[in-house]
Amino acid sequence: MHNIEALLFDVDGTLADTERDGHRVAFNLAFEEQGLKWNWSIELYSDLLKVTGGKERISYYIKQYQPAQVPQIAENDLNIWIADLHKAKTKHYLNLLEQGAVPLRIGVERILRQAVAMKLRLAIATTTTLSNVTTLLKHTLGEESLTWFEIIAAGDIVANKKPAPDIYLYVMEKMQLKPKQCLAFEDSDNGILSAQQADLNTIITVNDYTKNQKFTDALIVLDHLGSESTPMQKLAGSLSLEKAYLDLEELLSKLA
Ligand code: XBP
Ligand code: MG
């Protein structure tokens, strides 16, 4: 018998491909609104994704790329300015979600529904802002889906964002679970680093931004979670599965 009781999900890149057509676009809309001539191209954003968290990402961009139009103010005031800019970004991002600009990835809805049917406990562990998660869930799976998750741990709720383990440790402490009772679902090297430092086993689904990253010691690395009509492909990992899609019964039986 396996002893997995809970599945812990990352959001950005894992539940949905939010970065390229969601967050990135929202950052650019916020820059435009504030009269900043900054533009985060798809390529530049690939480097900026090294840093998790929107405010932290803007701060990294300013330090690393030294764009024009940064107000010459003390560090503290600059952080307030960044926080305001980030608030505008969140507003634009929520608008995009409400317009349905970001669908869930293949197999995500199926896995979540199967987990609920199997009475597995569910949680979210993400660096993004809480309202971004609840709005994504509402607009893709409906309001009721919010009740599927025992805890949605997001953003500034912990001091250190991924790749630090804080958000996963926070979730497990709140749910009174040990790492061996959980599986983490991630898409990026920052995500797996966070999960592994919290002692969690991890399943990876890659996306365009993360497909060349190394996921050493992931249980399995997949292109996506798969469906009957769109089979998943295994890219790496010690676990071997027969089905064309990730089936939780099969997965948990292999971990027994
Ligand atoms: C996600 C992120 C987030 C989003 C932006 O990382 O890095 O910062 O890009 O969200 P992960 P906010 O998937 O590893 O959790 O702007 O709301 O911070
Ligand atoms: Mg992610």
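A polar contact is a pair of N or O atoms within 3.5 Å, and within protein one of the two must be able to donate a hydrogen and the other to accept it. In this predicted model, that criterion is met where a polar atom of the Thr126 side chain lies 3.1 Å from the backbone nitrogen of Thr128. Thr126 belongs to the loop that runs between strand S2, residues 121-125, and helix H6, and with a relative accessibility of 1% Thr126 counts as buried, because that value falls under the 20% limit.

The loop between S2 and H6 is a convenient place from which to turn to ligand 1, since a polar side-chain atom of Thr127 lies 3.0 Å from an oxygen atom of ligand 1. The protein covers 97% of the 450 Å² of accessible area that ligand 1 has on its own, and ligand 1 sits in the largest pocket. Of the 17 residues around ligand 1, those that come nearest are Gly54, Arg57, His86, Lys89 and Thr129. Two of these also appear among the side-chain contacts to oxygen: a polar side-chain atom of Arg57 is placed 2.6 Å from an oxygen atom of ligand 1, and an N or O atom in the side chain of Lys89 is likewise 2.6 Å from an oxygen atom of the ligand.

The shell around ligand 1 can also be described by its composition and by the elements that contribute to it. Its residues divide into 10 polar, six charged and one nonpolar, and at least two residues of the shell are supplied by each of helix H1 (19-33), helix H3 (54-65) and helix H4 (75-98).

Helix H6, which spans residues 130-141, includes Leu130. Leu130 counts as partly exposed because its relative accessibility is 44%, a value that lies between the 20% and 50% limits. Measuring from C-alpha to C-alpha, Leu130 and Pro103 are 18 Å apart in space, with a separation of 27 residues in sequence.

Further along the chain, the backbone offers several points to inspect. Most residues other than glycine have a negative phi, and most peptide bonds are trans. Against that background, the peptide bond that joins Lys162 and Pro163 is cis, with omega about 15°, and Pro163 is placed in the loop between strand S3 (149-153) and helix H7 (166-175). Asp199, a residue other than glycine, has a positive phi near 75°, and the place of Asp199 is in the loop between helix H8 (189-197) and strand S5 (201-205). Asp217 is not a glycine either, yet its phi is positive, at about 75°; Asp217 lies in the loop that connects S5 with strand S6 (220-222). With a relative accessibility of 64%, Asp217 counts as exposed, because that value is over 50%.

A buried side-chain contact completes the tour. Glu186 is located in strand S4, which comprises residues 182-186, and Glu186 is buried because its relative accessible area, 1%, is under the 20% limit. The side chain of Glu186 makes a polar contact of 2.6 Å with the side chain of Tyr168.

Conventions. Residues are numbered from 1 along each chain as its sequence is written. Chains are lettered from A and ligands numbered from 1 in the order in which they are written. This is a predicted model: local features need pLDDT of at least 70, side-chain atom pairs count only at pLDDT 80 or more; totals for chains, interfaces and linings use all residues. Side-chain values use heavy atoms; hydrogens and water are left out. A residue is near a molecule or strand if one of its heavy atoms lies within 4 Å of it. Accessible areas come from the Shrake-Rupley method with a 1.4 Å probe; for residues, only the protein chains shown count as cover. On a 1 Å grid over the protein atoms alone, a cavity is a set of points where a 1.4 Å probe fits but cannot get out, and a pocket is an open set with protein on both sides within 12 Å along at least five of seven lines; lining residues have an atom within 4 Å of a point. A molecule sits in a cavity or pocket if more than half of its atoms lie within 2 Å of its grid points. Helices (H or I, at least four residues) and strands (E, at least two) are DSSP runs, numbered from the N terminus. Ala, Val, Leu, Ile, Met, Phe, Trp, Tyr, Cys and Pro count as nonpolar, Asp, Glu, Lys and Arg as charged, and the others, Gly among them, as polar. Buried means under 20% relative accessible area, exposed over 50%, partly exposed in between (1.4 Å probe, protein chains only).
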